[in-house]
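Here is a short briefing to read alongside the model. Take a look at the fold before going through the points below.

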Amino acid sequence: MPRLSPELEIWRGLLRGQRSMLLRLVATLKREADLTTAQYEALLSLREAGGALGAADLSHLLLYSSGSTTHLVARLEERGLVVRTRGDVDARQVRIALTDAGVALIEKATAAHTADIEAQFAPLIHDEERDALLAFARRLAAAEGVTSQPADAVPGRPR
């Protein structure tokens, strides 16, 4: 097989490297906080949104179908980490909110996960590369209609 073009090698290196590192990070999340990646991302999205979101908004942030989000939220609800409430005017509207246990767990998990990322990922970014990598990450996220920052950290962006 011929050598890959630089663009394809970048894609493959980013994809495989991210996946390999993510598997290690997820193993730590599971061991330390008993959370899957999906559960962590859901709780983190709720925390970043001030503690609650509509089900459709959570699905959008997670890039999940409504059915997948419903299943995920049901598992979090069984653990007492979130509660679901129906809208007063429209019962089809579902709001998902963190419980006190959910807040405590996401705070603990985020502290451990951030420390893990700082230890494993941050050393791979050299000072002279930081600006170019940050610009690329932002451009990639924007091209996909997402952001690399929490919603509440982006000026003019609703929670």
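Read along the sequence, the protein chain runs α-α-β-α-α-β-β-α-α, with six helices and three strands (DSSP runs numbered from the N terminus: H or I of at least four residues for helices, E of at least two for strands). This is a predicted model, in which local features need pLDDT of at least 70 and side-chain atom pairs count only at pLDDT 80 or more, while totals for chains, interfaces and linings use all residues. Residues are numbered from 1 along each chain as its sequence is written, and side-chain values use heavy atoms, leaving out hydrogens and water.

**Overall picture**
- The C-alpha trace spans about 60 × 35 × 35 Å along its principal axes.
- Of the 159 residues, 26% are buried (under 20% relative accessible area; exposed means over 50% and partly exposed in between, with a 1.4 Å probe and protein chains only).

**Helix α5**
- Helix α5 covers residues 100-120, and its end C-alpha atoms are 30 Å apart, in agreement with the 30 Å expected for 21 residues (1.5 Å times one less than the number of residues).
- Its buried residues are Gly102, Leu105, Ile106, Ala109, Thr110, His113 and Asp116.
- Those buried residues fall within an arc of 135° seen down the axis, so they line one face of α5 (the arc uses directions from the helix axis to the C-beta atoms).
- Asp100, Ala111, Glu118 and Ala119 are exposed on the other side of α5.
- The cover over the buried residues includes α1 (6-33), α2 (37-48) and β3 (94-98).

**Thr99**
- Thr99 sits in the loop between β3 and α5 and is buried, at 18% relative accessible area.
- Leaving aside residues up to four places away in sequence, Thr99 touches Gly80, Leu81, Val82 and Val83 (contact means heavy atoms within 4.5 Å).
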